[in-house]
Amino acid sequence: MSGVRVLVGTKKGAFILTSDGKRQRWTVNGPHFGGWEMYHLKASPVDPNRLYASQTSGWFGQIIQRSDDGGKSWYQPGTPPEETKTPEGMPKGESNKFVYDVSPETGKPLMTHQWYDGTQHPWEFKRVWHLEPSLTDPDVVYAGVEDAALFRSTDGGKTWHELSGLRGHGTGPKWQPGAGGMGLHTILIDPTNPKRMYIAISSAGAFRTDDAGKTWRPINRGLRSQYIPDPDAEVGH
C-alpha cells in the first residue's frame with residue numbers, strides 16, 4: 001500500500017505528517033524551525049526527498065531552507081554552515097537574496113506600484129509566499145514573493161533571478177496590496193506544456209504565460225468585483 005505525506009506550514013513551525021494509504025493513523029514529525037512562520041513547503045515531483053521551505057519572521061526576515069533527505073535535515077542552499085548568520089545573529093545567505101530587476105532594459109520602467117491610498121510606492125521585498133518546484137528538474141524552483149513578483153532558481157535555491165516580464169506586463173503600476181499585503185501566492189505549471197504557467201496575485205488577479213515567463217497576459221475576464229472603482233477591471237480583483 002502506498003504512503004501519504006502532508007507538508008504543513010504554520011505560524012509556529014513546519015510539520016511533516018505521514019500515513020499509509022488508509023490515512024487512519026498519522027505520524028507527526030516536527031516542529032521544524034520552531035517559532036518561525038512557515039509560508040510554504042513543497043516537494044520536488046522529480047525527487048520527493050527534495051523539499052523546499054519558506055521560513056520568515058517579521059524580526060529576522062526571510063530564509064529559504066532545503067532538505068535532500070525528506071525533512072530529516074535542513075540547510076540554507078549555497079551557504080556554508082558557518083556563514084548562515086551575521087556576528088549579530090541575523091540570518092544571511094545567497095539563498096535569501098531576492099533582488100528586483102532594476103536593469104535599464106527591462107527593470108527601469110518597473111519602479112513603483114499602487115499603494116493603499118492610490119499613490120505610487122516603490123517595490124519592497126518582504127517574504128516568499130509560494131515555492132513551486134519544476135515538474136522535470138529538481139534544481140529548478142519558482143518563488144512567488146511579496147511585493148508581488150516571480151523569481152526562478154536553476155541551482156536548487158542557491159541563487160534567485162526575477163522573471164521581470166510579469167511586472168513588466170504593463171499593469172504593474174496599477175497593482176495594489178490587499179488586506180494581507182501584495183503577495184504572489186499561487187504558481188501552477190501546466191503538466192502538458194512546461195512553457196505554460198499560471199500565477200495569482202492579491203490583489204491584482206491571475207496571469208498566464210505561454211513562453212516560460214518572458215511575457216504574460218491577465219486572465220481575469222468575466223470576474224466582477226463590485227467594491228473596486230472599475231468592477232470589470234483587467235487587474236485588481
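Strands here are DSSP runs of E, at least two residues long, numbered from the N terminus. The model is predicted.

**Exercise 1. Place Trp 26 and Arg 23 among the strands, and class each as buried, partly exposed or exposed.**

Step 1. Strand 2 covers 13-20 and strand 3 covers 27-32; Trp 26 sits in the loop between them. Arg 23 also lies in the loop between strand 2 and strand 3.

Step 2. Recall the cut-offs: buried is under 20% relative accessible area, exposed is over 50%, and partly exposed falls in between.

Step 3. Trp 26 has 34% relative accessibility, so Trp 26 is partly exposed. Arg 23 reaches 52%, so Arg 23 is exposed.

Step 4. Add the surface context. Trp 26 joins Val 6 and Val 28 in a nonpolar surface patch. Together they offer about 250 Å² of accessible area.

**Exercise 2. Find the backbone exceptions in the loops.**

Step 1. Start from the rule: most residues other than glycine have a negative phi, and most peptide bonds are trans.

Step 2. Check phi. Arg 23 has a positive phi, near 60°. Ala 212 has a positive phi too, near 65°.

Step 3. Locate Ala 212. It belongs to the loop between strand 15 and strand 16 (217-218). Its relative accessible area is 25%, so Ala 212 is partly exposed.

Step 4. Check omega. The bond joining Glu 146 and Asp 147 is cis, with omega about 0°. The bond from Ser 202 to Ser 203 is cis as well, with omega near 0°.

Step 5. Place these bonds. Asp 147 is in the loop between strand 10 (141-146) and strand 11 (149-153). Ser 203 is in the loop between strand 14 (197-202) and strand 15 (205-209).

**Exercise 3. Describe the largest pocket and its lining, then the second largest pocket.**

Step 1. Take the volume. The largest pocket holds about 250 Å³ of space.

Step 2. Read the lining. It includes Gln 114, Thr 171, Lys 174 and Gln 176. Ser 203, on the cis bond from Ser 202, is also among the lining residues. Others include Ile 228, Pro 229, Asp 230 and Glu 234.

Step 3. Sort by type. The lining of the largest pocket has four nonpolar, five polar and three charged residues.

Step 4. Turn to the second largest pocket. Its volume is about 180 Å³. The lining has 13 residues; Gln 55, Ile 63, Gln 65, Gln 76 and Lys 85 are the closest to the centre.

Step 5. Sort again. The second largest pocket is lined by seven nonpolar residues, five polar and one charged.

How values were computed:
Residues are numbered from 1 along each chain as its sequence is written. This is a predicted model: local features need pLDDT of at least 70, side-chain atom pairs count only at pLDDT 80 or more; totals for chains, interfaces and linings use all residues. Side-chain values use heavy atoms; hydrogens and water are left out. On a 1 Å grid over the protein atoms alone, a cavity is a set of points where a 1.4 Å probe fits but cannot get out, and a pocket is an open set with protein on both sides within 12 Å along at least five of seven lines; lining residues have an atom within 4 Å of a point. Grid points are joined across faces, edges and corners, and a volume is the space filled by probe spheres set on the points. Ala, Val, Leu, Ile, Met, Phe, Trp, Tyr, Cys and Pro count as nonpolar, Asp, Glu, Lys and Arg as charged, and the others, Gly among them, as polar. Patches are made of residues with over 30% relative accessible area and no salt bridge: like charges are joined within 9 Å, nonpolar side chains (Val, Leu, Ile, Met, Phe, Trp, Tyr) within 5 Å. Accessible areas come from the Shrake-Rupley method with a 1.4 Å probe; for residues, only the protein chains shown count as cover. A salt bridge is a side-chain nitrogen of Lys or Arg within 4 Å of a carboxyl oxygen of Asp or Glu. Helices (H or I, at least four residues) and strands (E, at least two) are DSSP runs, numbered from the N terminus. Buried means under 20% relative accessible area, exposed over 50%, partly exposed in between (1.4 Å probe, protein chains only).
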